Structure formats: structure tokens, C-alpha cells
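The following paragraphs lead through a protein structure, beginning with its strands and moving on to its aromatic and charged side chains. The reader may wish to keep the structure in view throughout.

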Amino acid sequence: MALANTLIADPDLLILDEPTNHLDLDMIEWLEEYLRRSSRLTLLMVTHDRYFLDRVCAEIIELDSHNVYSYKGNYSYYLEKRQERIEAKTQEIERANNLYRTELEWMRRMPQARGHKARYREEAFYELEKVAKQRLYQKEVKLDVKASYIGNKIFEADHVCKAFGSLTILDDFSYIFARYEKMGIVGNNGTGKSTFLKLLMGLQQPDSGTLDIGETVRFGYYSQEGLRFNEQMKVIDVVRDIAEVIECGGRQLTASQFLQHFLFTPETQHSYVYKLSGGERRRLYLCTVLMRNPNFLILDEPTNDLDIVTLQVLEEYLRDFKGCLIVVSHDRYFMDKVVDHLLVFNGGGDIRDFPGNYTRYREWKEQKEARQREAERVAHPKPTDERPARRRDNDKRRLTYKERMELEQLERDIAELEAEKAHIEEALCSGTLSVDQLTELSKRFPIVNDTIDEKTLRWMELSELQG
């Protein structure tokens, strides 16, 4: 709703901080298209969504080691030019180090009483030392945490049903999970993705049917609710409380060495949790999940607030992960990199298995919708209008007074409905409702949800005319 309020104001300068977090995929793609078409809008944005960066931005600004670098191009162009900059800088540091060793030997041999030329060379030595002692860029940060052994039996869902009153999540759902399978789960908010994960983890029970988990399965669960630490603990103590020594890539690592795999410097390791940024906290949480050597990872929105470097490390780890994986994410780039197929939650218990990543699914869906539109056009052709057009196609219609009033009312209605929806969700999950209250709220929830969707679509139509 905050995003809608911002766009309604029709700003000249729009500043967005991680705008795609907590948006479903359809809304992300609508926002992407809206920003691409807005020729009068100046956009300053912080985001980890790499497809969003690639399709919306024309300039990338990178902050690295207290320096600012600017790249005139999209994210793909930035990656190419950044790598060229890193390679050039690395070569410069290597050359400086070679010369530094020679000059250091000279400095040690020279007497303290030096002439003018010697002092000039001494000053040049200290300048050279600054370059030589710069941090060399790591060509690769590799996370090599081995999964424990997993047997052939993973989990079997047999005719599972789950509903909250009239709100159906699973309807006679059956599935047999295969060894080393990597599944992505997509669907709009409120279709039951997180509830499905909680059923699998035993945090909620199905209304009927069974979930049979294999004996060798060791879950690692990264959830939105699991990010809780003692604020007064040091980062390294959070890890030591779980284990002093961690098995990693066939060798044993100390807690400090393991944290360095997750890009925590020695200084940060001995800092307190309350000093960490949101992204650093999520990285620490991910660290505590993986250090237990799970063989079945369940990741619920793992990319929110993670920086791109950490995402790249995590993607590489998951591609090579010798275990099973379920990912719920709105990060399309991340999903394309790590999953083999998708479970698509359409709502109302309608769940479809799609054999491919998100990009392939989106292409298939667009082709299907295009065929449906064409079939509808052939079946119901529009009558030919012989009257001259009232305006040219490139003349944009403006909102009438009545439509402007409708747009303002929609904004108020959507805010009230979102608040009601949040209240209902909180009440349904509280476990304190009577049967009658549960039934009443369960009937009201889909009505509120559908009304929000209906009013939001109308708001989008009017806002495009306004812009």
C-alpha cells in the first residue's frame, strides 16, 4: 500500500529501497513495466533483484571499500565492466607488491642520513606501500558445506487436505519427493505457500491425509519468523553456541573460519548482534541453518535483504547441494539459477507442477494467455466501427473528474481492506478463536482478498491514465 501511495503522487523523483521485497511475482512484473514506461520519472533505487535492475535501470552505482563507481548501462553491462575493473586493480596491486619488495629491501639497507634523492625515493616508497597493501579482490568465495547422507525415501504426501474455514490451501494433494530434487514454489500472496512449508515441518497439522517423512531426512528451515538472536551476544558466540567445530568440505573449521565463508570479517565476528545491518543478520541466520549439515533445505524468501555477493555464493552452493531443496521466493533470477521445476499455487487448493524454471514458466503462461485471447477474438469478433475515430491513437485520454474522485476513493478503500486482511490473518493464526469465529473469519477472508484484487486492478487502470 505504501508503494501505491507513492506512485499515486506522480513524483518527479522516486526513491525505492528494496521495492520488490514482499511483492508477489505478478505485482513485481507490473511495477517493472510501469517504471520502464515512465519517461518523465527519475528513479533512484536500491535492490537485490537482478532481473529488475537489468530491465529498469540505465545506470548502476556501486559502493565498494568506501569508493563509488558509476557504470552507464544495465546490470549485465555492470557485471562485465566491474569484472574488468577488478582485474585491472588486481594487476595494479600485484605490480605494486613486486616493486614494494625491492624498495623495502632498499629502505632497510639505506642509512638514516639520506640525501635529497634518497628522501624523494623514500616518499615514493610510502605511496607505493599504500597501493601494495590494498585488499586483493577475492576471485571466488566458495561455500562448501556438505549435506549429510539422505536415503531414497524423502517425504510422501498422501491425499493431504488443509483449509481455514472456507479458505482452501491443499485439496487432496499427493506428491512423492525424489532424491536430490530442487523444487521452487511460486504463487500470489495468500495462496498457501508458507502454510505448505509449515505442514511439511510439522508446525501445522493437515485436516486429513498423511505426510510421511524419511528416517534419514535432516531439515534445515530458513523462515521469515526464524530471524531471532540475543542482541547482546557477539556474532562469533552465536555460532559457538551451536558448535565449536563445523564440518565443511571434508575438513573441520573453527567458528571463526566458518563465518569467513559467509563474508564476516574478524572485526564483524567480534561485534555485537545489535550492530549488524538487516542483510548481515539474515546472512548470520543462514549461517546457523547451514552449519548443522542439513540434507533437506527449506528456504522461505531467503533473498530478502541479502546483498548480491552473498546471493551469488548461495546460488553456487545450492546448485551443487547434494540434498533436497524447496525454495519459496519472489526473486526470479534466484529461482532460475537453483530450481529444476515449480509447484504453482493458484489459490483455492489448485496446485500445478511445472517442469522448468520460472522464466520458462512465464513464457509458457504468456503463450497460453495469447492463445486464449486469440481464440476469444475469433469466437467473438468485435463489430466494425465505421465512424471516424474521436482521437488519434497517440492522443492520451485524461481522467475525468469522476474518475479522479474514484481513484482517491480506491486508495482509501484498499488501505482499509489491507488492514482488515492483516487482522483476519493474525486472528486465524492465533489459535484462540472459537469454531464460530473461525468459520466467520474464514468466510470473510476470500471476500476481502478478492475485493482487494478487484480494486487494485481498477486502481492500476486509472493510475496509468493519470500518468
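Strands here are DSSP runs of E with at least two residues, numbered from the N terminus, and two strands are taken to pair if DSSP finds at least two bridges between them. The model is a predicted one.

With these terms in place, the hairpin can be described. It is formed by strand 3 and strand 4, with two residues between them. Strand 3 covers residues 60-64 and strand 4 residues 67-71; the two run antiparallel and are joined by five bridges. Within this pairing, Glu-62 has Tyr-69 of strand 4 as its bridge partner. In the turn, Ser-65 has a positive phi of about 50°. Tyr-69 also takes part in a contact with a charge, since Arg-85 lies over the face of its ring, at 3.6 Å from the ring centre.

Further along the chain there is an open sheet of three strands, in the order 6-5-8 and with antiparallel pairing. Its edges are strand 6 (167-176) and strand 8 (208-213), each of which pairs on one side only. From one strand to the next, the twist averages 20°. Strand 5, residues 155-164, is joined to strand 6 by six bridges, and these two strands run antiparallel. One of the paired positions is Val-160, whose bridge partner in strand 6 is Phe-173.

Phe-173 leads on to the aromatic side chains. It belongs to a cluster, linked by ring pairs, that also holds Phe-155, Tyr-175, Phe-177, Phe-196, Phe-219, Phe-296 and Phe-345. In total, the structure holds 19 aromatic pairs. Consider the pair Tyr-317 and Phe-321: the ring centres are 5.6 Å apart and the planes stand at 50°, so the pair counts as tilted. The class follows because planes under 30 degrees apart would count as stacked and those over 60 as edge-to-face. Tyr-317 and Phe-321 are both buried.

Another aromatic residue, Phe-264, lies in the loop between helix 8 (255-261) and helix 9 (266-269). Is Phe-264 buried or exposed? Its relative accessible area is 2%, so Phe-264 is buried. Beyond its neighbours within four places in sequence, Phe-264 is in contact with Val-235, Leu-259, Gln-269, Glu-280, Arg-283 and Leu-284. For one of these, Glu-280, the C-alpha atom is separated from that of Phe-264 by 8.4 Å, the two residues being 16 apart along the chain. Arg-283 places its charged end over the ring of Phe-264, 4.9 Å from the ring centre.

The final topic is the pairing of charges. Side chains of opposite charge can pair when their charged atoms come close. The structure holds 23 salt bridges. One of them is formed by Arg-362 and Asp-26, whose closest N and O atoms are 3.5 Å apart. Arg-362 lies in helix 13 (residues 358-379) and Asp-26 in helix 2 (residues 25-37), so this salt bridge ties together parts that are 336 residues apart in sequence. The partners fall into separate accessibility classes: Arg-362 is buried, with a relative accessible area of 19%, whereas Asp-26 is partly exposed at 35%. The boundary that matters here is 20%, because buried means a relative accessible area under that value.

Two further salt bridges join helix 14 and helix 15. The side chains of Glu-406 and Arg-458 meet at 2.9 Å, N to O. This pair links distant parts of the chain, with Glu-406 in helix 14 (residues 401-428) and Arg-458 in helix 15 (residues 435-466), 52 residues apart. Glu-406 is partly exposed at 29% relative accessible area, and Arg-458 is partly exposed at 28%. The other salt bridge is that of Lys-455 with Asp-413, where the closest N and O atoms are 3.3 Å apart. Here Lys-455 belongs to helix 15 and Asp-413 to helix 14, 42 residues apart. Lys-455 counts as partly exposed at 22% relative accessibility, while Asp-413, at 16%, counts as buried. Salt bridges can also share partners, and in this way Asp-26, Glu-29, Arg-362 and Glu-366 are joined into one network.

Conventions:
Residues numbered from 1 in each chain as written. Predicted model: local features only at pLDDT ≥ 70, side-chain atom pairs only at ≥ 80, totals over all residues. Heavy atoms only, no water. Axes fitted to C-alpha atoms, helices over the stretch in contact; angles between N-to-C directions. Phe/Tyr/Trp six-rings, centres within 6.5 Å; stacked < 30°, edge-to-face > 60°. Buried < 20%, exposed > 50% of the residue type's maximum accessible area, 1.4 Å probe, protein only. Lys NZ or Arg CZ within 6 Å of the ring centre and 35° of its normal. Contact = heavy atoms within 4.5 Å. Salt bridge = Lys/Arg side-chain N within 4 Å of Asp/Glu carboxyl O.
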